[in-house]
Amino acid sequence: MLAAAGYRKAVGDFDAVVAGGGPNGLAAALRLAEAGWSVCLVEANHDVGGSARTLECTLPGFRHDLGAGFLALAMGSPAIAGRDLAALGLRFRHAPLPAAHPLPGGRAIALGRSTGQTAASIGRIHAGDAAVWEELDQRFGDAIVRLLHAGMVRWPLADAARLLGRLGVRNLLELGWLMMQAAAPSPTGSPLRRRGRS
Ligand SMILES: Cc1cc2nc3c(=O)[nH]c(=O)nc-3n(C[C@H](O)[C@H](O)[C@H](O)COP(=O)(O)OP(=O)(O)OC[C@H]3O[C@@H](n4cnc5c(N)ncnc54)[C@H](O)[C@@H]3O)c2cc1C
């Protein structure tokens, strides 16, 4: 990155100027640099990362994800896969509980870093749903990873073929149904619970 002074003078010396050091700007600059271009990345903030930065932005000592709450997509992104970005300073910081959904009455369901941790949290809210969560994870956990990866590559056919091979048509349709259910209003209880009863 260039300091503001000298910016005008130096910019013309580069093959490309990328404005903004968020995830997209960094990915673009990386690809251009790998293709042999000289790249100038300009960033208005003091550090790069954009909305994907971790910042101490509420109380001293409390660090927050500014934009991204789930790092799974970034970690699996083909834009950075296979590159030793840790050597350049990239570090993923993982909270003990990545996310929580508050519920009335001071309760919450927390997403843990293991299936068991998440299941236990769900079980404290809806008895019986912990086992359903574990069953769903066993059946569809790997498939979701492939599904997410398929959404990030230009030609997702290999992912689609592996997904079909792993699940079969019936389970694939059930997964699609389940994903749509999760977004639907739930008058009869949680989608997990209804899934468990079916
Ligand atoms: C509330 C919220 C939750 C989110 N949750 C997730 C999530 O869970 N998982 C996930 O993967 N994504 C999540 N996102 C999305 C993710 O943060 C964005 O997709 C990502 O940050 C977009 O990257 P970007 O580079 O396009 O833009 P940004 O991250 O916004 O970066 C833009 C950068 O450009 C700089 N800039 C702008 N104009 C100029 C200029 N003229 N000169 C120099 N610098 C400039 C800015 O300072 C900034 O650093 C979330 C976003 C929000 C807001």
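In which helix is Ala160 found? In this predicted model, Ala160 belongs to helix α6, which comprises residues 157–183. The residue is classed as partly exposed because 14 other C-beta atoms lie within 10 Å, a count that falls between the limit of 12 or fewer for exposed residues and that of 20 or more for buried ones. Ala160 is separated from His149 by eleven residues in sequence, and the C-alpha atoms of Ala160 and His149 are 9.8 Å apart in space.

Helix α5 covers residues 129–150 and bends by about 55 degrees at Phe140. Gly141 also lies in helix α5. Gly141 has 11 other C-beta atoms within 10 Å and is therefore exposed, given that the exposed class takes in residues with 12 or fewer such atoms. Between the C-alpha atoms of Gly141 and Thr115 the separation is 9.5 Å, although these residues are 26 residues apart along the chain. By contrast with Gly141, which is exposed, the α5 residues Asp129, Ala130, Val132, Trp133 and Leu136 are buried.

The largest nonpolar core contains seven residues, namely Ile109, Ala119, Ile122, Ala130, Val132, Trp133 and Leu136. At least two residues of this core are supplied by each of α4 (115–125) and α5. Helix α5 provides the largest share, four residues. In soluble globular proteins, nonpolar side chains tend to be buried together.

Strand pairing was examined next. Strand β1 (residues 16–19) and strand β2 (residues 39–42) run parallel and are joined by four bridges. Within this pairing, Ala16 has Val39 of β2 as its bridge partner. Together with helix α2 (residues 23–34), strands β1 and β2 form a β-α-β unit that is right-handed.

Helix α2 also takes part in the surroundings of the ligand. Around the ligand there are 20 residues, of which Gly20, Gly22, Gly50, Ser51 and Gly67 come nearest. Two or more residues of this shell are given by each of the elements α2 and α3 (72–75). The greatest contribution is that of α2, with three residues. Sorted by class, the shell around the ligand consists of ten polar residues, nine nonpolar residues and one charged residue. Thus helix α2 is part of the right-handed β-α-β unit and gives the most to the shell around the ligand, whereas α5 supplies the largest share of the largest nonpolar core.

Definitions and conventions: Residues are numbered from 1 along each chain as its sequence is written. This is a predicted model: local features need pLDDT of at least 70, side-chain atom pairs count only at pLDDT 80 or more; totals for chains, interfaces and linings use all residues. The bend at a residue is the angle between axes fitted to the seven residues ending there and the seven starting there. A nonpolar core is a set of buried Ala, Val, Leu, Ile, Met, Phe, Trp, Tyr and Cys residues joined through C-beta atoms within 7 Å. Two strands pair if DSSP finds at least two bridges between them. A crossover is right-handed if, with the strands pointing away from the viewer, the path from the first strand over the helix to the second runs clockwise. A residue is near a molecule or strand if its C-beta atom, placed from the backbone, lies within 6 Å of it. Ala, Val, Leu, Ile, Met, Phe, Trp, Tyr, Cys and Pro count as nonpolar, Asp, Glu, Lys and Arg as charged, and the others, Gly among them, as polar.
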